[in-house]
Amino acid sequence: MKKIIRCRDIGYDCDGIFHAYSEEEAMFKAAAHARKVHHLKWLTIDVAERLRRVMRTEEVAA
Ligand SMILES: [Zn+2]
């Protein structure tokens with residue numbers, strides 16, 4: 001199972017997309033990108049909640 005966060009889904013006009021194998025990793029990647037590219041402050045509870053809401057899970061064929 002893969003976790004996916006799309007930058008667009010958290011409100012940015014951006015094609016950034018983050019894949020990971022855990023929620024924490026996906027959130028960390030998205031937050032690091034948002035901080036660097038969109039000048040977001042470091043992962044706050046609000047941002048973490050928003051990331052968790054838009055996160056999708058993708059089945060990975062073995
Ligand atoms: Zn972005």
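This report walks through the zinc site, the cysteines and one buried lysine of a predicted model.

## The zinc site

Let's start with the metal. The zinc ion is held by four protein donors: Cys-7 and Cys-14 through SG, and His-33 and His-38 through NE2, at 2.0 to 2.3 Å from the ion. The angles among the 4 donor atoms run from 99 to 114 degrees, which makes the site tetrahedral.

Along the chain, the donor residues follow the spacing C-x6-C-x18-H-x4-H. Cys-7 sits in the loop between strand 1 and strand 2 (17-20), while His-38 belongs to helix 1 (residues 23-38), so this pair ties together parts that are 31 residues apart in sequence. Cys-7 and His-38 are both buried.

## The cysteines

How many disulfides does the whole structure have? A search turns up 0. Cys-7 and Cys-14 show up instead as SG donors to the zinc ion.

Why does Cys-7 count as buried? Its relative accessibility is 0%, and buried means under 20%. Cys-14 comes in at 15% relative accessibility, so Cys-14 counts as buried too.

## A buried lysine

Now over to strand 1 (residues 2-6), where you'll find Lys-2. Lys-2 is buried but has no salt bridge. The nearest side chain of opposite charge belongs to Glu-58, 4.6 Å away, and a salt bridge needs the charged atoms to be within 4 Å.

As for its neighbours, leaving aside residues up to four places away in sequence, Lys-2 touches His-19, Ala-20 and Tyr-21, along with Arg-56, Thr-57, Glu-58 and Val-60. So Glu-58 turns up among the contacts of Lys-2, just without a salt bridge to go with it.

Conventions: Residues numbered from 1 in each chain as written. Predicted model: local features only at pLDDT ≥ 70, side-chain atom pairs only at ≥ 80, totals over all residues. Heavy atoms only, no water. Helix = DSSP H or I, 4+ residues; strand = E, 2+ residues; numbered from the N terminus. Buried < 20%, exposed > 50% of the residue type's maximum accessible area, 1.4 Å probe, protein only. Lys, Arg positive; Asp, Glu negative; His and termini not counted. Contact = heavy atoms within 4.5 Å. Disulfide = S-S within 2.5 Å. Donors = N, O, S within 2.8 Å, 3.2 Å for Na, K, Ca; no water. Tetrahedral: all angles 85-135°; square planar, octahedral: opposite > 155°, others 65-115°.
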